[in-house]
Amino acid sequence: MDSGLEGIIAAETVLSHTDGERGMVLVRGHTVQELIAQHGYEGSVALLWDGFAGEDLDRAAIRATFGEGRRLAFDRLERWLPAATGRTIEEGTRLCLAAVPDDSTPAEIASAMPVGVAALIRTQRGQSPLAPDPSLGTAADFLRMLHGKAVAAAMADALDTYFTAIMDNGLNASTFTARVVASTRASIASAVVGGYCAFTGPLHGGAPGPTLAMLDEAAQSGDVDAWLERKLAEGGRLMGFGHRVFRVRDPRADALRESLARLGPNVGRLAFAADFERRALAALSRHKPGRSLQTNVEINAALLLDALGLDRDAFMPVFAIGRCAGWIAHALEQQKTGRMIRPSSRYVGTGA
Ligand code: ACO
């Protein structure tokens with residue numbers, strides 16, 4: 001019995017794999033670096049979904065169907081956006097996904113996210129939602145819908161890189177949840193709601209916001225080493241470190257760092273983050289000897305999302321925009337090839 005199901009294989013997948021020893025994420029046989037350099041977000045979705053959400057999918061086809069999906073999602077905003085008044089962006093995104101009809105196509109489900117999250121952020125800022133431009137890629141259009149005007153190509157590229165890097169990585173907690181829901185033959189839209197709910201916690205997709213708060217707190221303390229010692233002595237967790245599968249540095253961290261460096265004005269913050277990372281790794285190896293706690297993707301993810309003008313409470317929902325493609329692919333694969341997931345528990349209560 002392992003309550004975290006660590007090391008237990010609960011699915012066979014052709015979709016993606018995290019090699020924790022070699023520090024590698026593979027999606028349909030491609031490394032994350034290849035996906036970023038050669039395929040981009042829509043091209044990677046085409047690879048991931050091919051054979052599940054259609055045959056012979058390519059970047060242009062996904063770009064076109066996602067554009068149409070965003071147009072449809074914008075037309076349907078009034079179905080749920082008023083109910084999000086006074087709610088956080090995280091809660092609003094849950095409403096957005098819950099409003100997606102059961103008979104939606106995978107592209108319609110995935111496209112509801114960028115439109116919904118941009119509309120939620122703008123509404124919270126007292127601005128009206130902006131209609132999508134279906135001719136653009138998802139990242140560029142999301143930032144355009146968010147900021148009210150077209151953004152520099154470097155910003156759109158950075159978000160495209162982010163969406164590509166974090167799209168899928170095997171049976172993480174939210175993906176497993178999506179597969180459990182799909183395994184009962186529930187709709188793909190329901191599987192995505194389930195995946196999203198599992199994603200929101202700070203140990204998983206909710207990590208980038210608290211990671212940035214942690215960096216700020218450590219910087220403000222004036223003595224990073226003392227801050228780290230105090231935090232770990234109190235039994236606290238350092239956000240942005242540790243991973244269930246990776247025992248070496250997460251390769252996605254470096255891919256995001258390169259994107260961040262291209263954005264320019266973050267140089268000071270990047271240097272602080274790199275210095276913090278070195279000190280934190282040393283502190284972790286002192287406090288948790290024998291456990292390889294390495295840098296995960298979250299520090300650079302948080303810096304990247306911040307550099308794109310996003311508020312912290314939107315980090316997780318934006319992360320979910322990228323990850324949604326992975327949930328959909330796994331839900332489709334589960335329905336095609338898997339059995340209903342129903343593990344057993346050991347009863348330790350009374351009366352047996
Ligand atoms: N800081 C301090 N201690 C840690 C950290 C950390 N970041 N991560 C794990 N540990 C410690 C735990 O306290 C525990 O110590 P103990 O054995 O003395 O009790 C031990 O390492 C094992 O912890 P688990 O939670 O069982 O390890 P697991 O492999 O399940 O952890 C997780 C994975 C949840 C990501 C963890 O490393 C963590 O909480 N990290 C910080 C949050 C974070 O960055 N999350 C984003 C992950 S990436 C993603 O999901 C998108």
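This passage describes the two domains of a predicted model and the ligand placed between them. Residue numbers start from 1 along each chain as its sequence is written, and side-chain values use heavy atoms, with hydrogens and water left out. In this predicted model, local features need pLDDT of at least 70 and side-chain atom pairs count only at pLDDT 80 or more, while totals for chains, interfaces and linings use all residues.

The chain is assigned domain 1 (16–205 + 313–337) and domain 2 (208–307), with bounds from an automatic or database domain assignment. Their centres, taken over C-alpha atoms, are separated by 25 Å. The contact (heavy atoms within 4.5 Å) takes 29 residues from domain 1 and 25 residues from domain 2.

Both domains give residues to the shell around the ligand, so the ligand lies between them. There are 21 residues around the ligand (each with a heavy atom within 4 Å of it), of which His 204, Arg 237, Leu 238, Gly 240 and Phe 241 come nearest. By class, this shell has 10 nonpolar, six polar and five charged residues; Asp, Glu, Lys and Arg count as charged, and Gly is among the polar ones.

Polar contacts (pairs of N or O atoms within 3.5 Å) involve both backbone and side-chain atoms of the protein. A polar backbone atom of Leu 238 lies 2.7 Å from a nitrogen atom of the ligand, and for a polar backbone atom of Phe 241 the distance to a ligand nitrogen atom is 2.8 Å. In the side chain of Arg 291, an N or O atom is 3.2 Å from a ligand oxygen atom. Of the 920 Å² of accessible area that the ligand has on its own, the protein covers 77%, as computed by the Shrake-Rupley method with a 1.4 Å probe.

Technical notes
Polar contact = N/O pair within 3.5 Å; in protein donor to acceptor, adjacent residues only side chain to side chain.
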